[in-house]
Amino acid sequence: MARTALVTGGSRGIGAAISKQLKADGCNVAATYAGNDEAAKAFTDETGIKTYKWDVADYQQSADGIAQVEKDLGPIDIVVANAGITRDAPFHKMTPEQWHQVIDTNLTGVFNTIHPIWPGMRERKFGRVIVISSINGQKGQFAQVNYAATKAGDLGIVKSLAQEGARAGITANAVCPGYIATEMVMAVPEKVREAIIGQIPTGRLGEPEEIARCVSFLAADGSGFINGSTISANGGQFFV
Ligand code: CAA
């Protein structure tokens with residue numbers, strides 16, 4: 001039977017590649033987006049994947065949106081918490097607003113995405129929870145105190161959920177992408193980006209599809225013994 005998957009931030013960047021991969025794997029996929037209607041429409045036109053608009057930082061919007069997805073597509077078996085933002089600044093310049101925006105979207109947004117889905121997964125005795133963390137949650141990053149805190153937090157979330165969900169047939173795992181050729185990384189000043197690429201042994205940025213492969217693996221029915229783990233896909237830039 002086809003699984004139903006929800007991918008937050010699933011219409012652009014890494015999320016779009018994940019949505020497409022899960023569809024290719026035979027899942028019914030719903031992709032969320034926060035604001036870019038045009039990109040979402042283009043994505044649906046291209047892929048046939050239905051998109052839903054809500055702010056993951058808002059619990060009620062998330063709960064209502066998830067209820068709608070389940071009404072449309074059926075109970076969610078696979079949830080990929082991918083939506084994330086950056087508000088980079090050296091710590092001495094980082095404002096409380098920049099801190100809170102990133103915490104609310106990247107960390108509280110993960111709670112808001114998984115929490116409404118979790119009881120149904122427990123009842124049905126099946127679930128695949130996948131959180132897209134980052135190399136920068138593992139190693140830290142200049143100008144990313146806020147972002148690195150959320151991405152390290154993701155690892156704590158999946159390790160805890162792995163223990164809570166195991167007996168109910170639910171796995172929770174993280175993927176830590178390195179620097180991937182997305183708008184987020186392209187927004188980094190060119191000189192800085194070139195310096196980053198110089199630190200990647202593979203000698204290039206990663207492709208979104210290379211992250212989607214990790215998600216596909218973790219989401220599979222046959223991956224039930226892989227729980228609480230972190231897959232790093234970073235071109236050899238950092239080893240844990
Ligand atoms: N390590 C050490 N020093 C660094 C540095 C780094 N990685 N990056 C910048 N600096 C230094 C600069 O050389 C400069 O030093 P000097 O003043 O001595 O010349 C100083 O920091 C820059 O200070 P500014 O006050 O001018 O900085 P700014 O307020 O203009 O901010 C910035 C610039 C936001 C830090 C900008 O350089 C930037 O965006 N850097 C990239 C940060 C980054 O890597 N973000 C990752 C985004 S991708 C992502 O997040 C996806 C993922 O998961 C991997």
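Biologist: Which helix does A16 lie in?
Modeller: Keep in mind that this is a predicted model. Position 16 falls in the run of residues 13–24, so going by how helices are numbered from the N terminus, A16 lies in helix α1.

Biologist: Is A16 buried or exposed?
Modeller: The cut-off for buried is under 20% relative accessible area. A16 has a relative accessible area of 9%, so A16 is buried.

Biologist: Which residues is A16 in contact with, leaving aside its neighbours within four places in sequence?
Modeller: Contact here means heavy atoms within 4.5 Å. With those neighbours set aside, the list for A16 reads G9, G10, S11 and F43.

Biologist: What distance separates the C-alpha atoms of A16 and F142?
Modeller: Along the chain, A16 and F142 are 126 residues apart. In space, their C-alpha atoms are separated by 27 Å.

Biologist: Over residues 3–183, how much of the chain is helix?
Modeller: UniProt, in an unreviewed entry, lists that stretch as "domain: Ketoreductase". Its end C-alpha atoms are 30 Å apart. Strand makes up 18% of the stretch, and helix 50%.

Biologist: OK, over to the ligand. Which residues come nearest, of the 20 around the ligand?
Modeller: By class, that shell has 12 nonpolar, 6 polar and 2 charged residues. From the 20, the ones that come nearest are D88, K93, S134, Q144 and Y147.

Biologist: How far is an oxygen atom of the ligand from an N or O atom in the side chain of Y147?
Modeller: Let's go through the side chains one by one. For Q141, a polar side-chain atom lies 3.2 Å from a ligand oxygen. For Q144, an N or O atom of the side chain is 2.9 Å from an oxygen of the ligand. For Y147, the distance is 2.6 Å.

Biologist: What share of the ligand's exposed area does the protein bury?
Modeller: Start with the ligand taken alone, which exposes 1100 Å². Elements giving two or more residues to the shell around the ligand are α6 (135–139), α8 (183–186) and α9 (190–198). Of the area exposed by the lone ligand, the protein buries 57%.

Biologist: And Q144, buried or exposed?
Modeller: Q144 sits in the loop between α6 and α7 (145–165). Its relative accessibility is 6%, and under 20% is the cut-off, so Q144 counts as buried.

Biologist: Which side chain does a polar contact of 2.7 Å join to that of Q144?
Modeller: Not counting residues up to four places away in sequence, Q144 touches T86, D88, A89, N136 and A149. The side chain joined to Q144 by the 2.7 Å polar contact is that of N136.

Methods: Residues are numbered from 1 along each chain as its sequence is written. This is a predicted model: local features need pLDDT of at least 70, side-chain atom pairs count only at pLDDT 80 or more; totals for chains, interfaces and linings use all residues. Side-chain values use heavy atoms; hydrogens and water are left out. A residue is near a molecule or strand if one of its heavy atoms lies within 4 Å of it. A polar contact is a pair of N or O atoms within 3.5 Å; within protein, one must be able to donate a hydrogen and the other to accept it, and residues adjacent in sequence count only if both atoms are side-chain atoms. Accessible areas come from the Shrake-Rupley method with a 1.4 Å probe; for residues, only the protein chains shown count as cover. Helices (H or I, at least four residues) and strands (E, at least two) are DSSP runs, numbered from the N terminus. Ala, Val, Leu, Ile, Met, Phe, Trp, Tyr, Cys and Pro count as nonpolar, Asp, Glu, Lys and Arg as charged, and the others, Gly among them, as polar. Buried means under 20% relative accessible area, exposed over 50%, partly exposed in between (1.4 Å probe, protein chains only). UniProt positions are given in the numbering used here, feature names are shortened, and annotations may be inferred rather than shown by experiment.
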